[in-house]
Amino acid sequence: MRTNLLLPLAGTTMVALAACEPDASPSVAGPETVIETIGDTTIVRNLSAGVWNGEATLVPELSVGELDGPEEYLFGWIFSFAVDDDLNLYVFDGQAQEVRVFDSLGTYVETLGRPGEGPGEFNRAEVIALLPDGRLVVRDPGNQRLEVFVPGTGKTEQWGYEVGGLHTGLPLYTDVHGRTFVRTSALGRDDIDMHIIVFGPDGTQIDTLLEPSVTYQPPTLLAERFGVSSSGQPTHGATIAFVPFSPALVWTVHPNGHFLTGLSSEYRIDLARDDGVLRIERAAGPVPVHDEERAYERERVVRGMREMDPDWTWDGPPIPEHKPFFYELLAGRDGRIWVRLATEGRPVENEYYDPEDPGSMPMVWEESVRYDVFEPDGTYLGAVVPPDEFSPYVNPVFDGDYVWGVTRDELGVQRVVRFRIVVGGG
């Protein structure tokens, strides 16, 4: 069975809103927060600086990972990590192909999994997640299954599924009902669209969902190369790139088991719920793209496309003058909504610059990491600004006043750090 019952499609919702009259007049829930109900959609418009009335920072409380020391604390490449209700930490080292468990004080407890193809073993595993009952789920496309551990017992389960590509690079999702959501494209010989397989708590595949989509498609650029193989057969290659800073549909699975989606051309986010849709809006302006930043991005794309076609010239729309409102939507264990924002770019020296590489550039443009945080009911709390060494590319874990994230120091050492959210420097 394939459905999209959990999906709040933005286009469909907009049509429904246009066809309905408001059920109730807008009400004021806070100093500058307006709530409006239209049909089964609750719209929360946040017009102020937020409950915190200022920026929050992250103060480190605990760090796991070392340059030297016991092997259990030395990480090769952290792919993914998870945290349970007791603040125990589960770190998946993709290089070692194993999960290391640490208690709330950062003390090593046990290792789950190892390379191999048998029960409890991994073959190119890539991401982990925890179920509400404490079981650990590992997505292992190399073995075409989910490997499920019961920590502290040695017990494992294997939930097989058809894999449509060995590596997806996407998170693994679980919800408060004990369901697990796995993204895949392998649903039939002629079916190349991405879908999400839903597993029940016992490992049964209970549903298949369509991946969130909207009618809008980001503009793309195309480079092609035609030639003749050594056997005399015609050959064809192609490279497709998105126009930098173009809006895109962003989505995640919320702990409530529904999709959280947003088209980043507007600051508007839809969270599907059992009783309808919660639409969150925030009054904010887009971040401009500097002229030098735009030139850098254009040159970066041109260099990359000319690796496919040496004569390639720009064949699409220009780079926008403003960035999308956000790059990523994330959900905390507590149901809070975290929005990774686009921020102002700055040029920095490229420490990996290679003058012999035509694709390498001496300067690169970077953006600071910044999140907007909303309560599950859509109330805007404020912005969180992590430290410079904080990486958003290994999905952080958020829970109440805590944030866990991966950092990397000047020697390249990765650590998982537990931070406490501090508002106003207090």
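A salt bridge here is a side-chain nitrogen of Lys or Arg within 4 Å of a carboxyl oxygen of Asp or Glu. With that in hand, welcome to the exercises. This is a predicted model, in which local features need pLDDT of at least 70, side-chain atom pairs count only at pLDDT 80 or more, and totals for chains, interfaces and linings use all residues. Residues are numbered from 1 along each chain as its sequence is written, and side-chain values use heavy atoms, with hydrogens and water left out.

**Exercise 1. Work through the salt bridges of Asp270 and Asp372.**

Step 1. Start with the pair Asp270 and Arg279: their side chains meet in a salt bridge, at 2.8 Å from N to O. Both Asp270 and Arg279 are buried (buried means under 20% relative accessible area, exposed over 50%, partly exposed in between, with a 1.4 Å probe and protein chains only).

Step 2. Turn to Asp372, whose salt-bridge partner is Arg282, with the closest N and O atoms 2.8 Å apart. Asp372 belongs to strand β30 (371-374) and Arg282 to strand β25, so this pair ties together parts that are 90 residues apart in sequence. Strands (E, at least two residues) and helices (H or I, at least four) are DSSP runs, numbered from the N terminus.

Step 3. Check the burial of Asp372: its relative accessible area is 0%, so it counts as buried.

**Exercise 2. Where do Glu297 and Arg300 lie, and how far apart are they in sequence?**

Step 1. Both residues are in helix α2 (291-306), three residues apart, about one turn of the helix.

Step 2. They form a salt bridge whose closest N and O atoms are 2.6 Å apart.

Step 3. Compare the accessibilities: Glu297 has 10% and counts as buried, whereas Arg300 has 39% and is partly exposed.

Step 4. Now widen the view. Glu36, Arg45 and Glu281 are joined into one network by salt bridges that share partners. A search of the whole structure finds 30 salt bridges.

**Exercise 3. Which residues touch the most other members of the largest nonpolar core?**

Step 1. Fix the term: a nonpolar core is a set of buried Ala, Val, Leu, Ile, Met, Phe, Trp, Tyr and Cys residues joined through side-chain atoms within 4.5 Å.

Step 2. The largest one has 17 residues, and those touching the most other members are Tyr267, Ile269, Leu329, Ile337, Val339 and Phe374.

Step 3. Ask which strands supply them. At least two core residues come from each of β24 (268-273), β25 (276-282), β26 (326-331), β27 (337-341) and β31 (380-385). The most come from β27, with three residues.

Step 4. Look around Val339. Leaving aside neighbours within four places in sequence, its contacts (heavy atoms within 4.5 Å) are Tyr267, Ile269, Phe326, Glu328, Leu329, Arg370, Tyr371, Asp372 and Phe374.

Step 5. A second, separate core has 16 residues, among them Val373, Phe398, Phe419 and Ile421.

**Exercise 4. Describe the sheet that holds β14 and β15.**

Step 1. Its four strands make an open, antiparallel sheet in the order β12-β13-β14-β15. Two strands pair if DSSP finds at least two bridges between them.

Step 2. β12 (127-130) and β15 (155-160) are the edge strands, each pairing on one side only.

Step 3. β14 (145-150) and β15 run antiparallel and are joined by six bridges. One of the details to look up is Val148, whose bridge partner in β15 is Glu157.

**Exercise 5. Is Asn53 buried or exposed, and what is its phi?**

Step 1. Asn53 sits in the loop between β4 (41-46) and β5 (55-64).

Step 2. Its phi is near 55°, a positive value in a residue other than glycine. Most residues other than glycine have a negative phi.

Step 3. The relative accessibility of Asn53 is 62%, so it counts as exposed.

Step 4. Try Leu87 too: it lies in the loop between β6 and β7 (89-93) and has a positive phi of about 70°. At 24% relative accessibility, Leu87 counts as partly exposed.

**Exercise 6. Over which residues is the pLDDT below 50?**

Step 1. pLDDT is the predictor's confidence in each residue, from 0 to 100. The chain has a mean of 90, and 90% of its residues reach 70 or more.

Step 2. The pLDDT is below 50 over residues 1-28, a stretch with 56 contacts beyond near neighbours in sequence in the model. It is also below 50 over residues 187-191, which have four such contacts.

Step 3. Where pLDDT is low, the predicted coordinates should not be read in detail.
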